[in-house]
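Hi,

Here is the structure I promised to pass on. Have a look at it first, and my notes follow below.

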Amino acid sequence: MDGSLQVAQTRPEDTSQWWLKGGAVFIGVLGFGSLVGAISLSLSGILIETMMDDIDSEELCAEDPDTEECEALIDSMKTMSDMRLWDVGAAFSAFLFLLSIPTTILMWNAENRGLALTLAWSWVAVHAISQLYIVHSFLIWQNDFYDSIPAEELGWVSLFTEIASYGSIVMCELMMAAGLVLIAYKTRPPTALEMPSAFHVKDE
């Protein structure tokens with residue numbers, strides 16, 4: 001019976017490095033988006049906090065027919081302005097931008113595949129954690145806001161929003177993970193070893 005492993009006489013073809021370059025472009029674009037997100041979250045937090053500091057709920061709701069509901073709404077907005085979401089979310093986004101710089105460079109140069117993919121997986125992991133944190137924090141505030149409004153149908157709205165929000169994040173992160181798996185597979189080191197097919201082995 002023939003040996004189980006055979007060495008090809010011809011040199012195996014090199015893998016295409018454009019897979020890594022494509023990943024570099026993708027993470028580079030998302031990294032720039034993270035920079036925009038960091039600036040937006042920081043400015044939004046500052047603007048909302050400044051705006052709410054100048055609002056007096058009792059004075060604003062004095063002429064409202066439903067004073068308690070009006071004050072509850074204002075208090076919910078003040079709670080939003082005090083959330084750590086703005087600072088922590090901005091910090092996550094800034095870190096993603098900084099991490100995308102060496103990741104993009106290494107993936108584009110395609111000289112150190114292992115390190116490039118490690119940084120890419122780290123970027124995706126941090127991105128997933130940051131998105132889950134932002135959405136989770138917002139949904140907690142949203143549930144408290146809905147609880148302050150006496151409307152039974154809002155319970156279904158809250159549940160649908162939670163399912164849609166978490167579901168969209170999971171799908172997005174799984175798609176990015178699948179893309180990295182494909183890049184890792186397409187750029188794996190070539191080998192000259194050939195596994196013979198069992199259907200073509202002849203007994204001697």
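In this predicted model, helix α1 passes helix α4 in a left-handed crossing. The two helices cover residues 18–53 (α1) and 85–109 (α4), and their axes come within 7 Å and cross at roughly 160 degrees. Angles over 145 degrees count as roughly antiparallel, so that is how α1 runs relative to α4. As for what lines up there, the contact of α1 with α4 divides into 17 nonpolar residues, 13 polar ones and one charged.

I then spent some time on α4 itself. This helix has 25 residues and reaches 36 Å from its first C-alpha to its last, close to the 36 Å expected at 1.5 Å a residue. It does have a bend, though: about 25 degrees at Ser 100, with a proline, Pro 102, following within four residues. Ser 100 is also one of the buried residues of α4, a list that includes Leu 85, Trp 86, Leu 96, Leu 99, Thr 103 and Met 107. Just after the helix, Ala 110 takes a positive phi of about 60 degrees.

What does α4 pack against at an angle of about 165 degrees? That is helix α5 (residues 113–147), with the two axes 9 Å apart. α4 and α5 are therefore roughly antiparallel to each other, and their crossing is left-handed. The contact of α4 with α5 has 18 nonpolar residues, seven polar and no charged.

Happy to go through any of this with you.

Cheers

Note on methods. Residues numbered from 1 in each chain as written. Predicted model: local features only at pLDDT ≥ 70, side-chain atom pairs only at ≥ 80, totals over all residues. Heavy atoms only, no water. Axes fitted to C-alpha atoms, helices over the stretch in contact; angles between N-to-C directions. Parallel < 35°, antiparallel > 145°, perpendicular 65-115°, else oblique. Left-handed = near helix turned anticlockwise from the far one by under 90°. Nonpolar A, V, L, I, M, F, W, Y, C, P; charged D, E, K, R; others polar. Expected span 1.5 Å × (residues − 1). Bend = angle between axes of the 7 residues up to and from the residue. Buried < 20%, exposed > 50% of the residue type's maximum accessible area, 1.4 Å probe, protein only.
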